[in-house]
Number of protein chains: 2
Amino acid sequence: MATETVENYLKAIMTLAAESPTREATVSRIAAVVGVTRGTATSMIKKLTAGGLARAERYGGVTLTSSGRRAASDVLRRHRLIETFLVRALKFDWSEVHEEAERLEHAVSPRLLERLDEFLGHPACDPHGDPIPGRAGVVIEPAAKPLSSCKVGAVVRIARVIDQSAAFLRFMAQHGLKPDAKAKVVALHAPAQSMEVEPHGRTKLVLALAAAEKILVHAGR
Amino acid sequence: MATETVENYLKAIMTLAAESPTREATVSRIAAVVGVTRGTATSMIKKLTAGGLARAERYGGVTLTSSGRRAASDVLRRHRLIETFLVRALKFDWSEVHEEAERLEHAVSPRLLERLDEFLGHPACDPHGDPIPGRAGVVIEPAAKPLSSCKVGAVVRIARVIDQSAAFLRFMAQHGLKPDAKAKVVALHAPAQSMEVEPHGRTKLVLALAAAEKILVHAGR
DNA sequence: CCGATATGTTTGAGTCGTCAAACTTTCGAC
DNA sequence: GTCGAAAGTTTGACGACTCAAACATATCGG
Ligand SMILES: [Mn+2]
Ligand SMILES: [Mn+2]
Ligand SMILES: [Mn+2]
Ligand SMILES: [Mn+2]
């Protein structure tokens, strides 16, 4: 069983890869996500490589091997099932669960995990819309595009909120911007790098494009 | 916040002290409970002492200071609330929850803990009948005596099962010997060091006195 | 009272994960 | 093309926790 630290690195590498499938995970980004210095990340990556969990060439990007991906998606499954459980069963706010799950994900047994999954009815997504990997390690990343890429007049359904910071999530919820909610793009202000959005049945608000990029949506209906 | 290791030592010291209030916790017992060598326990105890959590004189017993007791009862509270939650909410068997809680107790935040407590309606005891310390660190050890000390003919109500081993707990449950169940002592076989017990509405069984000592009971009714 | 045995302590070493700081390589702006 | 900043690596050190093994003390049965 991978150590708690190793699990955090694997998860960081996998989420970085999912975040921008174009570029591989880099040492600096991994270090930033895990919260260590670059030197520490380098030596840890060396260890992952030695253990057959990752591949990295000197001064190049870091990729997970198939067993690394398997282990990482296990951690992600635990993290997201826990988040879902905390929100659905214990009435946590979606802005509170990330930190909580960050520690619990290393302490739940396979047995407990299966109980949670069953209890929740095998959910496909967590409260933020992040897909929950299956028991076999398969992740289905739902095709969704950033809100920032939508045209004026577009009506969309929110699929996923990428930014996990509590402040951002609270702000989103306050305006009714949660997964499955509908919203309309009412204006684009290119020079100001912002857009105006009207959540269904709510007052409209202005979002910086950088923020709108953190919201993934499905086309209207 | 005390490290996970420190928490385990504190809990071990407190449960040993509660187990036999006559004699203080010893290095060997602590080492055995935590699962380390005596040398390791010695150095850890030195660290606890330096940190003001325990008191120990050379070649003498180990006691917790008031802040050590406070910290330990926090861990115990977490452990027992988690056990209760797993049994009541997630339908775990009472023989499975100890190990699970052993890890989770170090990963739940105060916030999550309070949610659990509220969800469960502020339970006084865990599934094994162990008392759950209050938020303020107060433990009320219910007065109960070992079944082994009961006379023939005595009708008792089970209060608490001390032995946390899965096999023992499964055996107990199989015979209806769970907290709050009633039972009658039908015979004593002093030479065989055993007693015969008839759980209410069940077939009677023979228990070694050593086993009966692990079952605490209230006098009949 | 005495020694065997149990119990406690010390020492030296190892693992894991981390940092700071010096160093090397890469890469983009000019 | 060059050069300076950004990114990656190496090194030496440290804290937390552990063990094995040598050692010291206590305790109990005879
Ligand atoms: Mn984590
Ligand atoms: Mn999430
Ligand atoms: Mn524990
Ligand atoms: Mn218990």
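User: Which of the 19 residues around DNA strand C come nearest?

Analyst: Good place to start, and do keep in mind that this is a predicted model. A list of neighbours shows which chains take part. Here A:Thr3, A:Thr40, A:Lys47, B:Ser28 and B:Lys46 come nearest to DNA strand C, out of 19 residues around it. As for the DNA side, 79% of the strand C atoms that come within 4 Å of the protein belong to sugar and phosphate.

User: Which polar side chains lie by a phosphate oxygen of DNA strand C, and at what distance?

Analyst: Look for N or O pairs and read off each distance. B:Thr42 has a polar side-chain atom 3.1 Å from a phosphate oxygen of strand C. For A:Thr3, a side-chain N or O atom is 3.0 Å from a phosphate oxygen of that strand, and for B:Arg58 the corresponding distance is 3.3 Å.

User: Which helices supply at least two residues each to the surface near DNA strand C?

Analyst: Group the residues by element. In chain A, H1 and helix H3 (38-50) each give at least two, as do helix H2 (27-34) and helix H3 (38-50) in chain B. H3(B) gives the most, with four residues.

User: How do the residues of that surface divide into nonpolar, polar and charged?

Analyst: Sort them by residue class: 10 are polar, five nonpolar and four charged.

User: Now the metals. Which atoms coordinate the manganese ion (ligand 1)?

Analyst: Start with the donor atoms, then trace them along the chain. A:Asn8 coordinates through OD1, A:Glu102 through both O and OE, A:Glu105 through OE and A:His106 through NE2, at 2.0 to 2.6 Å. Along the chain, these donors follow the spacing N-x93-E-x2-E-H. A:Asn8 and A:Glu102 link distant parts of the chain, 94 residues apart: A:Asn8 sits in helix H1 (residues 4-19) and A:Glu102 in helix H5 (residues 97-104), both of chain A.

User: Why does A:Asn8 count as partly exposed rather than buried?

Analyst: Compare the relative accessible area with the cut-off. Buried means under 20%, and A:Asn8 is partly exposed because its relative accessible area is 21%. A:Glu102 is likewise partly exposed, at 26%.

User: What are the protein donors of the manganese ion (ligand 2)?

Analyst: Read this site in the way we read the other one. Its protein donors are A:Glu83 (OE), A:Asp126 (OD), A:His128 (ND1) and A:Asp130 (OD), lying 2.2 to 2.8 Å from the ion. Their spacing along the chain is E-x42-D-x1-H-x1-D.

User: Are A:His128 and A:Asp130 buried or exposed?

Analyst: Both A:His128 and A:Asp130 are buried.

Key
Residues are numbered from 1 along each chain as its sequence is written. Chains are lettered from A and ligands numbered from 1 in the order in which they are written. This is a predicted model: local features need pLDDT of at least 70, side-chain atom pairs count only at pLDDT 80 or more; totals for chains, interfaces and linings use all residues. Side-chain values use heavy atoms; hydrogens and water are left out. Donors are N, O and S atoms within 2.8 Å of the metal (3.2 Å for Na, K and Ca); water is not among the atoms, so sites may look incomplete. Buried means under 20% relative accessible area, exposed over 50%, partly exposed in between (1.4 Å probe, protein chains only). A residue is near a molecule or strand if one of its heavy atoms lies within 4 Å of it. A polar contact is a pair of N or O atoms within 3.5 Å; within protein, one must be able to donate a hydrogen and the other to accept it, and residues adjacent in sequence count only if both atoms are side-chain atoms. Ala, Val, Leu, Ile, Met, Phe, Trp, Tyr, Cys and Pro count as nonpolar, Asp, Glu, Lys and Arg as charged, and the others, Gly among them, as polar.
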